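Biologist: Could you take me through this structure step by step, with the reasoning behind each answer?

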Amino acid sequence: GMSSGPAAAPAFFGARPTELNRTSFRRPFVAAVLMIVGFFIFWASNHAFDAGRGDFFYLADAFLHGRTWLTTALGPYDNVVIGDRVYVPFGPFPAFVLLPIVALFGPGQADHWQPVINAALAAIDLGLCWWMAARLGVRSLVDRVWLVVLFGFSTQIWWVTTRGGVWHTGHLIATGLTLMALIELFGRRRPLIVGLLGGAAFLTRAPVLLAMPIYALMLGSVDRAVAAGRSAVNRWRPMLIDWLVLVVGFLPFGLFDLWYNAVRFGSPLESGYSLASLPDWLVALRDQGLFSISHLGMNIDYMFLHTPTVINQFPFFKPDGLGMSILITSPGLFWAARASWMTRRSWLLLGALVLTLIPNLLYYGGGWLQYGYRYALDAIPFAMALCCIAAARHGVGWIWRIAIVFGVVVGVGGVYWAYHL
């Protein structure tokens, strides 16, 4: 079963007591250094790139003025223009995150700071990944550093931070919220907090809604009900109460979403994604269905099979911007398979990974323009949790490290192509 509280992985000679030696003081220091170095790498990567799509800053300003629409379109695509109102189809929660900055400095200035803000969000995600590794019993600081490098620089985190814009800020915030939900589920497992985080993540990237049933099954009362066996009277009651509290945490976000859609488009279920302006080739795909089996082959290609073309000048390969196999961009993630499959927790994490990928793999958009497959970011926190479990069991060995370094080199190529594609 799943251990309650933070996992204290048994060491080679049995379980170690919680040490109060130097390493316990070194850990937060190493985490802080990683976040600061990460921030500067992200900022160096993105500060010269102008995405020109700070929709969330202007949406935050609209909310401050009691509007749900922008007054001008920031680009030709991914807007819903009705009369003189420009609606943002993307999940609105990032606008609430950015509200304080916009309230203090105005949307124009905040938008100008977008590279710094995205670099900071990505750096926070690195810190959350470190925290999750600690919760999952990765005791070695070196192993934790490798895991954070895998997450920050061998997945699409680096690409979305470099490119910026409304599409990408949402990924950074949703990934952070999902990591927070997992940190809580590997810690005290308070259903209200998990519900709030899951709701906020849903209001940022809708596919992560499908992780909510998995969160419900990861709560402590479920473990206790399963462990109690048939003998215990009322063993299901605490579980049902926890599920109710989880729903209560999620509800404000779910209700806001329904209201927000209804007030903008007249239907609580119309997010604007099916109305958004698109280039013709994407319109043709969307006409087959916003979500459809007909898009599955395309997305599987972009995520697992797509390769860059070889060219004869530096850097000797060129992506087409449609996608690139995760086997090339993030080979280190496949060590998730070495997690312990004797526990229910690993299977639940795998379930969350698959469930959050399904809507993305059935979606018409594909993720263009991208280096790698950015929609996988909805599922990558669950893959990283499995990687942490694998690292707690086996350490991060040399072959795994080589795979991570390979992914980082490909990531550097992503920064190059962000400016040259």
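Modeller: Let us begin with one charged residue: at 11% relative accessibility, Asp-223 counts as buried, and please keep in mind throughout that this is a predicted model.

Biologist: Which residues are joined with Asp-223 into one network by salt bridges that share partners?

Modeller: The side chain of Asp-223 meets that of Arg-344 in a salt bridge, at 2.7 Å from N to O. This pair links distant parts of the chain, since Asp-223 belongs to helix 11 (residues 220–228) and Arg-344 to helix 16, 121 residues apart. Salt bridges with shared partners extend this into one network, in which Asp-223 is joined with Arg-189 and Arg-344.

Biologist: Is Arg-344 buried, partly exposed or exposed?

Modeller: Buried residues have under 20% relative accessible area and exposed ones over 50%, with partly exposed in between. Arg-344 has a relative accessible area of 29%, and therefore it is partly exposed.

Biologist: What is the phi of Arg-189, the other arginine of that network?

Modeller: Arg-189 lies in the loop between helix 8 and helix 9 (191–202), and at 7% relative accessibility it counts as buried. Most residues other than glycine have a negative phi. Arg-189 is not a glycine, although its phi is positive, at about 60°.

Biologist: How many residues apart in sequence are the parts that Arg-205 and Asp-378 tie together?

Modeller: Arg-205 and Asp-378 form a salt bridge, in which the closest N and O atoms are 2.8 Å apart. Arg-205 lies in the loop between helix 9 and helix 10 (212–217), while Asp-378 lies in the loop between helix 16 and helix 17, so the parts tied together by this pair are separated in sequence by 173 residues.

Biologist: Are Arg-205 and Asp-378 buried or exposed?

Modeller: The cut-off for a buried residue is a relative accessible area under 20%. Arg-205 has a value of 11% and is buried. Asp-378, with a relative accessible area of 3%, is likewise buried.

Biologist: Why is helix 2 largely enclosed by the rest of the structure?

Modeller: Helix 2 covers residues 55–64, and its buried residues include Phe-56, Phe-57, Leu-59 and Phe-63. These buried residues pack against several other helices, among them helix 5 (114–135), helix 8 (166–185) and helix 12 (237–265). Helix 2 is largely enclosed because the number of its 10 residues that are buried is eight.

Biologist: Which residue forms a salt bridge with Asp-55 of helix 2?

Modeller: Asp-55 is one of the buried residues of helix 2, and its salt-bridge partner is buried as well. The closest N and O atoms of the two are 2.9 Å apart, and the partner is Arg-53.

Biologist: How far from Asp-78 is the nearest side chain of opposite charge?

Modeller: Asp-78 is found in the loop between helix 2 and strand 1 (80–82), and at 18% relative accessibility it counts as buried. A salt bridge needs a side-chain nitrogen of Lys or Arg within 4 Å of a carboxyl oxygen of Asp or Glu. Asp-78 has no salt bridge, as its nearest side chain of opposite charge, that of Arg-53, is at a distance of 5.0 Å.

Biologist: Which peptide bonds are cis, at Pro-315 and at Leu-369?

Modeller: Most peptide bonds are trans. Pro-315 has its place in the loop between strand 3 (309–310) and strand 4 (317–318), and Leu-369 lies in the loop between helix 16 (344–361) and helix 17 (380–394). The cis bonds are the one joining Phe-314 and Pro-315, with omega about -5°, and the one from Trp-368 to Leu-369, with omega near 0°.

Biologist: How many residues does the largest nonpolar core have?

Modeller: In soluble globular proteins, nonpolar side chains tend to be buried together. Met-384 is among the residues with the most contacts inside the largest nonpolar core, and, leaving aside neighbours within four places in sequence, Met-384 is in contact with residues including Cys-129, Leu-150 and Leu-333. There is also a second, separate core of five residues, which includes Trp-69 and Phe-265. The number of residues in the largest core is 118.

Conventions: Residues are numbered from 1 along each chain as its sequence is written. This is a predicted model: local features need pLDDT of at least 70, side-chain atom pairs count only at pLDDT 80 or more; totals for chains, interfaces and linings use all residues. Side-chain values use heavy atoms; hydrogens and water are left out. A nonpolar core is a set of buried Ala, Val, Leu, Ile, Met, Phe, Trp, Tyr and Cys residues joined through side-chain atoms within 4.5 Å. Buried means under 20% relative accessible area, exposed over 50%, partly exposed in between (1.4 Å probe, protein chains only). Contact means heavy atoms within 4.5 Å. Helices (H or I, at least four residues) and strands (E, at least two) are DSSP runs, numbered from the N terminus. Lys and Arg count as positive and Asp and Glu as negative; His and the chain ends are not counted.
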